[in-house]
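Here is a short report on one helix and the strands around it. Have the sequence and the 3D view open as you read.

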Amino acid sequence: MTAAEKDTEQTAAPSPKAIAAAKAFVAAHGGSARAVVENLGRAGARVVLVGEDGLLGDVMVPDVAAGEALVEAVDGLSPHEWDGETVAALKIGPAHRRKMAGPRAR
């Protein structure tokens, strides 16, 4: 195994904290959740979670490979894209909409 392969293997593993956060979300929101891994460039990747109850959460990871590994590591998570079915599963309330809009919307 080359040094580059070892580096890739090490960064692909999600942290125990990320795994714990995803497991807690799944447990709190119906026992399963959809997971969409979004590349954020140098900042890493965001794993957006949509629970069975429609609520939204997220977990930050170092890169897309770590996000995909997180989805595989947590029972109840299933990989998805932002398709119509996933978007329709969201239930975003007024408080969350205000939070996403930022201070100018308040």
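Start at a turn: strand 1 and strand 2 form a hairpin with five residues between the strands, and Gly 41 there has a positive phi near 75 degrees. The model is predicted.

Strand 1 and strand 2 run antiparallel and are joined by seven bridges. Asn 39 stands opposite Ala 45 of strand 2. On strand 3, Ala 45 has Val 61 as its bridge partner. Strand 2 and strand 3 are also antiparallel, with six bridges. They form a hairpin with four residues between them.

Strand 2 is largely enclosed by the rest of the structure, because six of its seven residues are buried.

Now the glycines with positive phi.

| Glycine | Place | Phi |
|---|---|---|
| Gly 30 | follows helix 2 | near 110 degrees |
| Gly 41 | hairpin of strand 1 and strand 2 | near 75 degrees |
| Gly 54 | turn of strand 2 and strand 3 | about 90 degrees |

Next, helix 2. It covers residues 16-28, 13 residues in total. From first C-alpha to last it reaches 18 Å, close to the 18 Å expected at 1.5 Å a residue.

Which residues of helix 2 are buried? They are Ala 18, Ala 22, Phe 25 and Val 26. Down the helix axis these buried residues fall within an arc of 100 degrees, so they line one face of helix 2. An α-helix has 3.6 residues a turn, so residues three or four places apart point the same way.

The cover over the buried residues of helix 2 includes strand 1 (33-39), strand 2 (45-51), strand 3 (56-61), helix 3 (64-73) and strand 4 (77-79). The face turned away from the buried side of helix 2 carries exposed Pro 16, Lys 17, Ala 27 and Ala 28.

Notes: Residues numbered from 1 in each chain as written. Predicted model: local features only at pLDDT ≥ 70, side-chain atom pairs only at ≥ 80, totals over all residues. Heavy atoms only, no water. Helix = DSSP H or I, 4+ residues; strand = E, 2+ residues; numbered from the N terminus. Expected span 1.5 Å × (residues − 1). Buried < 20%, exposed > 50% of the residue type's maximum accessible area, 1.4 Å probe, protein only. Arc of directions from axis to C-beta. Contact = heavy atoms within 4.5 Å. Pairing = 2+ DSSP bridges.
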